Amino acid sequence: MSDLSQFEFTQFSILVIDDTEANIDVLVGLLGEQYDISVALDGQSALADIEETPPDLILLDIMMPEMDGYEVCQKLKNKESTKDIPIIFLTAKGEIDDIIKGFQYGAVDYITKPFNPPELQARVKAHLDLQASKRKIEQQSNELILTNQSLKTTQGQLVESEKMAALGQ
């Protein structure tokens with residue numbers, strides 16, 4: 001992945017959405033040196049924060065007051081501007097039905113608490129690597145579109161020049 005080396009991990013932002021400050025402290029301690037971490041204590045404020053500054057990745061608890069993580073995920077996935085932000089559920093709900101529901105709502109991963117710190121770090125890194133790859137592909141796609149448009153313009157000019165040269169003869 002040497003081509004992705006231009007994307008430094010400090011460029012990536014992670015939003016942690018959890019109503020338990022102790023959980024937030026653990027995650028900030030675990031990931032804060034490598035990534036830009038922001039925090040929301042509930043779903044409603046998280047949605048407002050995301051609208052203002054979309055993160056590259058969201059770590060989302062399910063069990064929260066007023067609006068649970070499933071509803072937050074659903075709202076994000078139903079909105080064009082936020083549907084592509086990867087969401088990892090990080091929750092104590094570990095039943096298979098909960099996990100399936102999380103993926104059905106659009107999560108890219110599901111980690112149960114208590115979690116293994118190196119595993120969490122590896123999964124976060126993997127999803128951010130995917131984000132970097134996606135950004136690189138989008139950038140290259142845009143460059144190809146511009147190059148193609150330029151070639152079409154040049155081709156049109158060449159055809160016009162040839163017509164003019166043929167008329168001159």
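Before you start clicking, one definition: contact here means heavy atoms within 4.5 Å. Also keep in mind that you're looking at a predicted model.

**Stop one: helix 1.** Select residues 21-31, which make up helix 1. Now pick out Ile24, Leu27 and Leu31, which are buried. They span an arc of only 65 degrees around the axis, so they sit on the same side of helix 1. Swing round to the other side of the helix and you'll meet Glu21, Asp25 and Gly29, which are exposed.

What lies over the buried residues of helix 1? Show strand 1 (13-17), strand 2 (36-40), strand 3 (57-60), strand 4 and helix 5 (117-168): these are among the elements that cover them.

**Stop two: a patch on the surface.** Stay in helix 1 and click Val28. Is Val28 buried or exposed? Its relative accessible area is 34%, so Val28 counts as partly exposed. Add Val39 and Leu41 to the selection, and together with Val28 you have a nonpolar surface patch of about 200 Å².

**Stop three: the rings.** Searching the whole structure turns up three aromatic pairs. For one of them, select Phe89 and Tyr110: the ring centres are 6.0 Å apart and the planes meet at 55 degrees, so this pair is tilted. Phe89 belongs to strand 4 (residues 87-91) and Tyr110 to strand 5 (residues 109-112), so to speak two distant parts of the chain, 21 residues apart, linked by the pair. Both Phe89 and Tyr110 are buried.

Finally, add Tyr70 and Tyr105 to your selection: ring pairs link these two with Phe89 and Tyr110 into a cluster.

Technical notes. Residues numbered from 1 in each chain as written. Predicted model: local features only at pLDDT ≥ 70, side-chain atom pairs only at ≥ 80, totals over all residues. Heavy atoms only, no water. Phe/Tyr/Trp six-rings, centres within 6.5 Å; stacked < 30°, edge-to-face > 60°. Helix = DSSP H or I, 4+ residues; strand = E, 2+ residues; numbered from the N terminus. Buried < 20%, exposed > 50% of the residue type's maximum accessible area, 1.4 Å probe, protein only. Patch = residues over 30% accessible without salt bridge, like charges linked within 9 Å, V, L, I, M, F, W, Y side chains within 5 Å. Areas by Shrake-Rupley, 256 points an atom, 1.4 Å probe, with all protein chains shown as cover. Salt bridge = Lys/Arg side-chain N within 4 Å of Asp/Glu carboxyl O. Arc of directions from axis to C-beta.
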